[in-house]
Amino acid sequence: MIRRLEDWFELAARGSTWRRELLGGATTWLTLAYIVLVNPLVLGAAGMDAGAVLTASCLGAGFATAAAGIFSRLPVALAPGMGLNFFFAFTLCGAVSAGGLGLTWQQALAATFVAGVIFLATALFRLRSRLMEFVPAPLRHGIAAGIGLMIAVIGLRWGGILGGAGPGVYIGVGDFTARPVQVAVVGLLVTAVLWVRRVPGALLIGAGVSGSLALAFGLTAFEGILAAPPSLAPTFLALDFAGLFSAPTWIGAVLVLLIVDMFDTVGTLLGVSSCGGLAKDGKVPRAEAALASDAGGTILGSVLGTSTVTTYIESAAGIAAGARTGIASVVVALLLFASSLLHPLLSVVGGVPQPDGVVLYPVAAPILILVGVFMMGSLRRIRWERPIEAIPAFCVVVGMPLTTSITNGIGAGFIAWSLLHLLSGRARKVSLGVVALSAVFVVVFLLH
């Protein structure tokens with residue numbers, strides 16, 4: 001049985017071991033466990049029952065991640081997407097007077113379901129995997145580095161190491177006298193030293209140190225280990241299709257969900273696969289299975305009562321810890337299922353509210369910062385001496401962290417690539433697919 005599993009997941013072929021996969025899976029789960037606590041808060045703003053959203057998020061993410069691990073055999077994790085959940089709560093369900101689309105949360109779940117069905121169709125017909133093949137090599141390398149830089153910036157902000165901006169300053173330095181910042185800095189130092197010394201499980205050990213300090217300083221509280229998962233009843237099968245299709249804005253709602261999730265997922269798959277050495281010539285093996293899992297997770301999640309499920313950039317944390325196969329994803333899935341029972345324990349990883357309203361995550365921050373370092377290695381593959389390649393790649397690399405959006409970074413890179421080639425007399429070197437995608441991004445940016 002063990003031999004069959006190793007052959008199925010190509011454990012030896014990818015140079016991995018069971019230990020690395022288990023550590024990698026646990027590391028990925030730790031870096032994305034915050035979504036179990038944050039997603040109910042965000043969707044709760046739309047009027048949804050927070051407890052039901054928590055359970056729905058764990059189940060939807062767990063099934064999608066397990067499917068991706070088993071069928072794509074890639075070390076990727078899926079969960080309700082940050083950003084997409086805010087879009088759900090504040091744009092889809094936001095008041096029209098405030099720029100929202102005015103949908104009820106039941107109608108927004110129906111829109112998510114419809115988008116998930118279209119996602120599944122694009123995966124079955126290989127449309128999204130073909131989309132990856134349109135991405136020029138410099139942009140592919142820029143995507144990996146851009147995601148890494150975005151992860152690092154998020155980690156620095158979550159740790160309070162980067163703070164709010166002041167007059168004439170776009171990004172400020174955090175308050176190092178604050179306990180959460182001190183916890184993050186100590187955790188970062190310990191984790192970095194362990195990683196440099198190649199200690200197995202360095203990222204998890206560092207998180208343990210940060211978590212212990214957070215408890216010792218009273219930043220987080222130990223609220224127990226196990227508790228019964230909240231009931232799904234308030235959100236289960238609550239989709240309102242009749243209300244959605246009678247709303248004049250339903251096409252726009254579905255379209256934006258499609259575009260944002262499509263490019264976020266494609267970019268994430270390319271980025272994490274490239275940094276793990278799993279992509280070959282820009283092609284991700286069995287990408288269709290990963291994309292179908294993403295779509296299936298979105299459909300299931302909407303039925304259970306949560307927002308769009310997407311591939312998580314935190315998957316890179318597990319890859320940095322050594323994961324190379326879908327075994328790590330199965331580990332993440334099992335831990336996500338368990339999270340519905342372990343939600344009291346997750347409060348240790350949860351946020352620390354600050355007086356200015358910012359929420360810090362000093363336990364997860366060091367892992368994200370070092371994962372960013374790990375992913376920046378793809379920059380060496382970009383030919384910086386060639387401006388026609390360097391400029392579009394630069395747009396991708398800086399576009400993602402500055403806008404906190406994978407889609408925006410990819411769009412900026414595509415547009416720059418097409419314009420520079422067309423206006424410099426190199427039109428023959430740009431495919432019609434790239435030009436068409438660039439035009440789509442122009443429209444998206446104009447309508448944003």
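These legends describe close-up views of side-chain contacts in a predicted model.

**View 1. Phe63 and Phe337 form an edge-to-face aromatic pair.** Across the model, the count of aromatic pairs comes to seven. In the pair of Phe63 and Phe337, the ring centres are 5.0 Å apart and the planes meet at 70°. The angle is over 60 degrees, so the pair counts as edge-to-face. Phe63 belongs to helix α4 (residues 50-72) and Phe337 to helix α15 (residues 326-342), so that the pair links distant parts of the chain, 274 residues apart. Phe63 is partly exposed, with a relative accessible area of 47%. Phe337 is also partly exposed, at 25%.

**View 2. Trp158 and Tyr361 form a tilted aromatic pair.** The centres of the two rings lie 4.6 Å apart, with the planes at 40°. This angle is neither under 30 nor over 60 degrees, and the pair is therefore tilted. Trp158 is in helix α8 (residues 137-158), while Tyr361 is in the loop between β6 (359-360) and α16 (365-375). The two residues are 203 residues apart, and their pair links distant parts of the chain. Trp158 has a relative accessibility of 13%; because this is under 20%, Trp158 counts as buried. Tyr361, at 10%, is buried by that cut-off as well.

**View 3. Four aromatic residues form one cluster.** The members of this aromatic cluster are Phe113, Phe241, Phe245 and Trp250.

**View 4. Arginine side chains lie over aromatic rings.** Arg73 lies over the face of Trp8, at 3.7 Å from the ring centre. At another site, the charged end of Arg179 sits over the ring of Phe217. Here the distance to the ring centre is 4.3 Å.

**View 5. Arg286 and Glu10 are joined by a salt bridge.** The model has six salt bridges by count. Between Arg286 and Glu10, the closest N and O atoms are 3.3 Å apart. Arg286 is in the loop between α12 (250-275) and α13 (287-304), and Glu10 is in the loop between α1 (2-8) and α2 (18-32). The salt bridge links distant parts of the chain, the two residues being 276 residues apart. Arg286 is partly exposed, with a relative accessible area of 27%. Glu10 counts as partly exposed too, at 25% relative accessibility.

**View 6. Glu10 and Arg286 belong to a network of salt bridges.** The network links Glu10, Arg14, Arg73 and Arg286. Arg73 is also the residue that lies over the face of Trp8.

**View 7. Glu389 forms salt bridges with Arg383 and Arg386.** The side chains of Arg383 and Glu389 meet at 2.6 Å, N to O. For Arg386 and Glu389, the closest N and O atoms are 3.4 Å apart. Both distances are within 4 Å, so each contact counts as a salt bridge. Is Glu389 buried or exposed? At 9% relative accessibility, Glu389 counts as buried, because the value is under 20%. Arg383 is partly exposed, with a relative accessible area of 41%. Arg386 counts as partly exposed, at 33% relative accessibility.

Note on methods: Residues are numbered from 1 along each chain as its sequence is written. This is a predicted model: local features need pLDDT of at least 70, side-chain atom pairs count only at pLDDT 80 or more; totals for chains, interfaces and linings use all residues. Side-chain values use heavy atoms; hydrogens and water are left out. Rings of Phe, Tyr and Trp (its six-membered ring) pair if their centres lie within 6.5 Å; planes under 30 degrees apart count as stacked, over 60 as edge-to-face and the rest as tilted. Helices (H or I, at least four residues) and strands (E, at least two) are DSSP runs, numbered from the N terminus. Buried means under 20% relative accessible area, exposed over 50%, partly exposed in between (1.4 Å probe, protein chains only). A charge sits over a ring if NZ of Lys or CZ of Arg is within 6 Å of the ring centre and within 35 degrees of the ring normal.
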